[in-house]
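Reader: Got a minute to walk me through this one? Put it up and start with the sheet.

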Amino acid sequence: MERPWGLSGPEFLDLYWIALAVTLGFAIFVRVRLRGARGVVPAGVLGLFDIAYLTGGPRRVAETSVAGLIAAGTLAPARNGAVRIAGSAGSAGSAVASHPVDKAVLADATRYKHRTLTLLITSVSGHDATLDVGRRLSSMDYLVAQDVVKSRLRVGVVPMALLFVVGVVRWVNGLSIGAPVGWLTLQLVLTGVLVALLVKVAPSTLTASGREAVAKARAGGVTGGSGATGSVNAAELVALDGFNAHPDVSLRAAARTAPLPRSGVRAGSRRRAASGGAYAGGTYSATGGGCGSSASTCSSSSSSSGSSCGGGGGGCGGGGGGS
């Protein structure tokens, strides 16, 4: 039996398992190091939007702003899971929208008479004002910058990727000499899955300082302003745990419910129109009433018009036979 590279099949498989365990440990070590302490805690007080970003990323910031603006009376809930600008968008909007995220929320809501809550939150989540919160936290060492995270995670999986290449070469060699490669195939699939998982970047990677700030906030130490929303309870709850923690049940449901597609509404209207009536001979008539009125006309008509009534009756009969 051939021994490529001086190793039998079982010997290579054993070495591969050992190398895979070592490279996995190295990748995990690199990932954990990203969450380690990074110097002294900077001066300054974190605001509610900062806490929201640390707990849930950009979307949580948008949710917190919406909750605060509703609590302040600047946004008002409307029907079907929508919100609208309360009162005039002039003096009311300028009185509360001092924070850029609040301004982004009001600017988006102002463009629509009624803005669906889910669409409003999704739109503001990608706004520059919302993303700037994360950039500020990265500069203050509460978050690890996304480009740094991606770079270090790729470095962490380099040994595993090299092991995968070696395994592929061995697998090709095994096929060429007719050796069994079933277990090696399983190892290669597992290695590929691990590489894909280990390079996946989380929405936000907190440092030790960031985790400590979140712990203090959850312990009741939420300080700083939430922009100018003037929130007392609702926005703080949303900042820590998302819109599912909002005290208003209807708003919680609206934030979870996706908007209905307009095409479905139009299709339903067309189906109702099709079932509610028929169009024939340039005249619209409700189904079911046409034949009845035709019958009464036939009964009251003179005998001289019997042939025409018979034709009408035949028409109704044909319609009934079709149903």
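Author: This is a predicted model, where local features need pLDDT of at least 70, side-chain atom pairs count only at pLDDT 80 or more, and totals for chains, interfaces and linings use all residues. Residues are numbered from 1 along each chain as its sequence is written, and side-chain values use heavy atoms, with hydrogens and water left out. The sheet is open, with three strands in the order E1-E2-E3 and antiparallel pairing. Strands are DSSP runs of E, at least two residues, numbered from the N terminus; two of them pair if DSSP finds at least two bridges between them.

Reader: Which strands stand at the edges?

Author: E1 (75-77) and E3 (115-116). Each has a single partner strand, so one side of each is left without a neighbour in the sheet.

Reader: How many bridges between E2 and E3?

Author: Two, in the antiparallel sense; E2 covers residues 82-85. Val83 stands opposite Arg115 in E3.

Reader: New topic. Which residues form the nonpolar patch on the surface?

Author: Trp5, Phe164, Val165, Val166 and Val169, with about 430 Å² of accessible area together (Shrake-Rupley method, 1.4 Å probe, only the protein chains shown count as cover). Patch residues have over 30% relative accessible area and no salt bridge (a side-chain nitrogen of Lys or Arg within 4 Å of a carboxyl oxygen of Asp or Glu). Nonpolar side chains (Val, Leu, Ile, Met, Phe, Trp, Tyr) are joined within 5 Å.

Reader: Where does Val165 lie?

Author: In helix H7, residues 146-177. Helices are DSSP runs of H or I, at least four residues. Val165 counts as partly exposed because its relative accessibility is 48%, between the cut-offs for buried (under 20%) and exposed (over 50%).

Methods
Patches are made of residues with over 30% relative accessible area and no salt bridge: like charges are joined within 9 Å, nonpolar side chains (Val, Leu, Ile, Met, Phe, Trp, Tyr) within 5 Å. Buried means under 20% relative accessible area, exposed over 50%, partly exposed in between (1.4 Å probe, protein chains only).
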